[in-house]
Amino acid sequence: MKYYSIRLCRHRRIFVSLFSTESCKGSLSLPALCGLVPRNCGVYFTNNSPVFSCYTRILPTFAAALFRKHRQLYSHPFLKFSSSSNLLQKQDESIDMSEFPVSNIRNFSIIAHVDHGKSTLADRLLELTGTISKKVQNKQVLDKLQVERERGITVKAQTASMVYQHNGEKYLLNLIDTPGHVDFNYEVSRSLAACQGVLLVVDANQGVQAQTVANFFLAFEADLKIIPVINKIDLKIANPDNVANQMKSIFDISKEDILFISAKNGTGVDAVLPTVVDKVPCPPSNLHQPLRALLFDSWYDRYRGAIINIALLDGKLKKGDKLQSSYSEKVYEVQDLGIMCPDKKSTKELLAGQVGYVIAGINNIREARVGDTYHQPGEAVEPLPGFKAAKPMVFAGLYPIDQSEYVSLKSAIDRLTLNDSSVTVSRDSSPALGQGWRLGFLGLLHMDVFNQRLEQEYNANVIITVPSVPFKAKLKDTKTNKKLYGEEVIIQNPANFPDPQQVVCFYEPVVLGTIVTPDQYLRDVIALCTNKRGEQIDLTYLDSSRVFLKYKLPLNEVVVDFFDELKSISSGYASFDYEDSDYQEADLIKLRILLNGKEVDELSSVVHRSKARDAGKSVCAKLKDAIPRQLFEVAIQAAIGGKIVARETIKALRKNVLAKCYGGDITRKMKLLKRQAEGKKKLKKFGNVEVPKEAFLSVLKR
C-alpha cells in the first residue's frame with residue numbers, strides 16, 4: 001500500500017513524498033489528494049512522487065481544503081505535515097491555555113543598557129524552559145530583524161512565552177526582550193505596560209550606565225517589581241562587588257537581593273526563573289469580567305494583514321469571536337490567535353492575564369493603533385489609558401531617489417510605521433528633491449535604523465536629509481499675527497522661519513543629558529559639554545573611578561555629532577542618555593545661502609548665532625566642490641539677514657583669447673582681454689546657476 005507525506009514549500013509547490021508501510025491505515029490516497037487540488041494547479045511526478053505546482057495565492061486554499069476534508073489525519077503517526085512558508089502546520093503539541101490560571105502567570109521584561117547581555121540571557125531562559133533546543137548554537141534568537149543581527153543591538157521588543165515547572169506547578173512565563181539604546185526608549189515603555197516585573201541587568205565590567213539609570217526609573221515609576229541581575233561575572237576583568245556597591249548607592253538595592261550570573265556560559269541562570277515566579281506578582285486580571293485587551297505592538301504580514309500583540313487584561317478570547325476597537329469602533333472576527341514561542345504558535349483561546357498575538361483580518365494598517373483597547377461588540381468597557389504619544393526629537397526629510405518609486409515607498413513607510421509607531425509622518429515637497437515626507441524620530445540611531453530597514457526589508461532607495469529639531473517663536477501681539485499664526489509658531493522647516501521683526505523671542509528644545517564616564521576623561525567631557533552650550537546640573541562620584549554627570553544641553557547640539565565626539569574623547573568608555581526637558585530662550589537666526597545673490601531656500605537652515613559663521617563656511621565649502629564651473633564667476637555666500645558671514649568663489653571657465661596673438665603690441669592683447677571681461681560680466685548678469693541634484697545631496701544628505 002502507498003502512503004504520502006505532504007510538504008508545502010516556498011517556491012509555489014506542494015511536494016507529496018511517497019512512502020509505504022504495512023501497519024499504516026487511514027492514510028490519504030492519491031486520488032483523494034488529487035481531488036482537492038485546484039483546477040489551475042499542475043500535477044507531475046518526480047522519483048515516483050507527485051508534485052503539485054501552483055501560484056502562491058492558491059496554496060492557502062489548498063491547505064484549508066486538505067485540513068477541512070481530512071481533519072483526522074492530524075494525529076496520524078505516519079502522515080507528516082511540514083511547511084517552510086508557515087501556510088501548512090501540524091499542531092502536534094498545542095498548549096491548553098486553560099491550564100494556566102491567573103495566579104500561575106508571570107509577565108516580565110528584561111531591561112538594561114546596550115550590550116549588557118539582555119538577548120543572551122533571554123536565549124538561556126528559553127533553553128532552560130525547553131522553548132528552544134539546546135542542540136543548536138542559539139545566539140540572539142529574539143533578535144529577528146536583519147539590522148539587529150548586523151549591528152548586534154536590539155531595536156525591536158520581542159515577546160516569548162515559556163512553560164515552566166516550579167514546586168510541582170506549571171507556570172506560563174511571558175518574557176519581553178527590550179532594546180537598550182535611548183533612541184528606542186518608547187519600545188521599553190510600551191513593553192513595561194504589559195508587565196508586572198523586570199529583570200534589571202547590569203554588566204559586571206562596565207557597571208551602571210546612563211541607560212541603566214533611565215530604565216530603572218521607568219520601571220520604578222510604573223510600580224513594577226525590580227529584580228537586579230549582575231551579568232558577565234565570568235570575565236577576567238569583572239568586578240561584581242564594585243558594581244553591587246554602585247547599585248546600592250544609586251538605586252538603594254542591597255547586595256543580598258542581587259543575582260550574580262553569566263548568561264554566556266549559564267552560571268547562576270538557574271536561579272533567575274524561580275526568583276521571577278516567587279517575587280513578580282501575577283497580573284491583576286479577572287477571567288469573569290468583560291473582555292478587555294491592550295494592543296501594545298503590531299506588525300504587517302503581506303498575506304494576513306496587520307498582526308497585533310495584545311495583553312488580555314480581562315475575559316477570554318477564542319477563534320471566531322468578534323472584537324471591537326475602541327479607537328476605530330470597527331468590528332473584526334478573530335481568524336487565529338496564539339502565543340509566541342518565540343515563533344507564532346496557534347492556540348484555541350487566550351485567557352485573562354495572558355499575552356499573545358491575534359490575526360483578525362485588519363487590512364487597513366492604520367486601524368491597528370498601538371495603545372488601543374479591544375472589547376466585545378455591544379459591551380461598554382472603560383478604555384485603557386494606552387500609551388503616552390512618542391514625542392519626536394529629530395526631524396528629517398525623506399525622498400525617493402526616483403520619483404517613479406513614490407507610491408511603492410509610501411506603502412513601505414506605512415507598513416514600517418505600523419511596526420514602529422514612534423515615527424511621525426507628514427507629507428513634504430522640495431523643488432530640488434521632489435515629493436517626499438518629513439519624518440520625526442526619537443534620535444539619530446532611530447533614524448539610521450529606520451532607513452536601513454527600508455532598504456533591507458522593502459528594497460527602497462531613499463535620500464534622508466540632515467536632521468533638524470523643532471523650534472518655537474513667540475510672535476508680537478498684533479491682529480495680523482493672531483489671525484495667521486496665533487501667539488506661538490512651531491518651526492520644523494527653515495522655509496517657515498518667521499520675520500524676526502515680528503518675533504518677540506525664539507525658543508529651542510533642551511534635554512537633560514546623563515553621562516557616566518571614567519574620571520580620567522572628566523576634563524575632556526566637561527569641555528565638550530561647555531562647547532555645546534551645556535549647563536551643568538550635577539556631578540557625583542559613583543565610586544573611586546566613575547563619575548555621574550547631568551547636563552542641560554540644547555537638542556540641536558546633541559542630535560548631529562555629540563555622541564560620536566563623546567565616544568571619541570573617552571575612548572568609548574563614556575555612556576550617554578537624555579530625556580526631553582523643555583524649551584529655553586535662544587538667539588536663533590536663519591542662515592541663508594545665496595548663489596550670485598539669489599537665495600536657495602532648500603539650503604537654508606536655522607542655527608544659533610554663535611554657530612552661524614562655522615555652519616556657513618561648511619556649507620559654502622561643500623557647494624564649491626559640488627557645483628560645476630560656469631562660463632562666468634559664481635559667488636557662493638552664507639548670509640544672516642543682510643550680512644555676509646562666509647563666501648566661496650567658483651572661478652569662471654576661460655577661453656585663452658590670446659592664443660592667436662604671437663607678439664605684436666600690448667594694446668591688442670589688452671583689448672581682447674577687456675572684451676572678454678565685458679562679455680562675462682554681461683553673462684553673469686543674465687545667466688542662471690542651475691544647482692545639480694548632486695550638490696543638494698552633498699549638503700542635505702547625512
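Trainee: At what angle do helix α12 and helix α14 pack?
Mentor: In this predicted model, helix α12 covers residues 522-531 and helix α14 covers residues 562-569, and their axes lie 10 Å apart. The angle at which the two helices pack is about 160°.

Trainee: Is α12 roughly parallel or roughly antiparallel to α14?
Mentor: The two helices pack at an angle of about 160°, and angles over 145 degrees count as roughly antiparallel. That angle therefore makes the relation of α12 to α14 roughly antiparallel.

Trainee: How do the residues of the contact of α12 with α14 divide into nonpolar, polar and charged?
Mentor: From α12, the residues that take part are Asp 524, Val 525, Leu 528 and Cys 529, and they meet Phe 562, Glu 565, Leu 566 and Ile 569 in α14. The crossing of these helices is right-handed. The residues of the contact divide into six nonpolar, no polar and two charged.

Trainee: Which strands stand at the edges of the open sheet that has the order β7-β8-β6-β9-β10-β11?
Mentor: This open sheet is formed by six strands, and the pairing within the sheet is mixed. An edge strand has a single partner strand, so one side of the edge strand is left without a neighbour in the sheet. The strands in that position are β7 (158-166) and β11 (259-260).

Trainee: Which residue in β8 is the bridge partner of His 166?
Mentor: Strand β8, residues 169-177, runs antiparallel to β7, and nine bridges join the two strands. In β8, the bridge partner of His 166 is Glu 169.

Trainee: What angle does the direction of helix α8 make with that of β7?
Mentor: Two helices that pack on this sheet may be described together, beginning with helix α3 (residues 118-128), which touches β6, β7, β8 and β9 and whose direction makes about 150° with that of β6. Helix α8 (residues 272-279) also packs on the sheet, touching β6, β7, β8, β9, β10 and β11. The direction of α8 makes with that of β7 an angle of about 90°.

Trainee: Are α5 and α6 roughly parallel or roughly antiparallel to each other?
Mentor: The axes of helix α5 (residues 185-192) and helix α6 (residues 210-221) come within 10 Å and cross at roughly 30°, and the crossing is right-handed. Since angles under 35 degrees count as roughly parallel, the description that applies to α5 and α6 is therefore roughly parallel.

Trainee: How many residues of the contact of α5 with α6 are polar?
Mentor: The contact is made by Asn 185, Val 188 and Leu 192 of α5 together with Gln 211, Asn 215, Leu 218 and Ala 219 of α6. These residues divide into four nonpolar and no charged, and the number of polar residues is three.

Trainee: What is the relative accessible area of Thr 212?
Mentor: Thr 212 is found in helix α6. Not counting residues up to four places away in sequence, Thr 212 touches His 113, His 116, Leu 200, Val 202 and Phe 251. Residues under 20% relative accessible area count as buried, and Thr 212 is buried, with a value of 0%.

Trainee: How many of the five residues of strand β17 are buried?
Mentor: Strand β17 (residues 336-340) pairs in the antiparallel sense with strand β20 (residues 355-362) over three bridges, and in β20 the bridge partner of Leu 337 is Val 358. β17 is also joined by three bridges to strand β18 (residues 344-346), the two running antiparallel and forming a hairpin with three residues between them. β17 is largely enclosed by the rest of the structure, because the number of its residues that are buried is five of the five.

Trainee: At about what angle does helix α9 run to β24?
Mentor: β24 belongs to an open sheet of four strands with the order β23-β24-β22-β25 and antiparallel pairing, in which the edge strands are β23 (424-430) and β25 (462-464). Strand β22 (residues 394-400) pairs with β24 (residues 434-441) over five bridges. Helix α9 (residues 406-419) lies across β22, β23, β24 and β25, and the angle at which α9 runs to β24 is about 15°.

How values were computed:
Residues numbered from 1 in each chain as written. Predicted model: local features only at pLDDT ≥ 70, side-chain atom pairs only at ≥ 80, totals over all residues. Heavy atoms only, no water. Axes fitted to C-alpha atoms, helices over the stretch in contact; angles between N-to-C directions. Parallel < 35°, antiparallel > 145°, perpendicular 65-115°, else oblique. Left-handed = near helix turned anticlockwise from the far one by under 90°. Contact = heavy atoms within 4.5 Å. Nonpolar A, V, L, I, M, F, W, Y, C, P; charged D, E, K, R; others polar. Pairing = 2+ DSSP bridges. Buried < 20%, exposed > 50% of the residue type's maximum accessible area, 1.4 Å probe, protein only.
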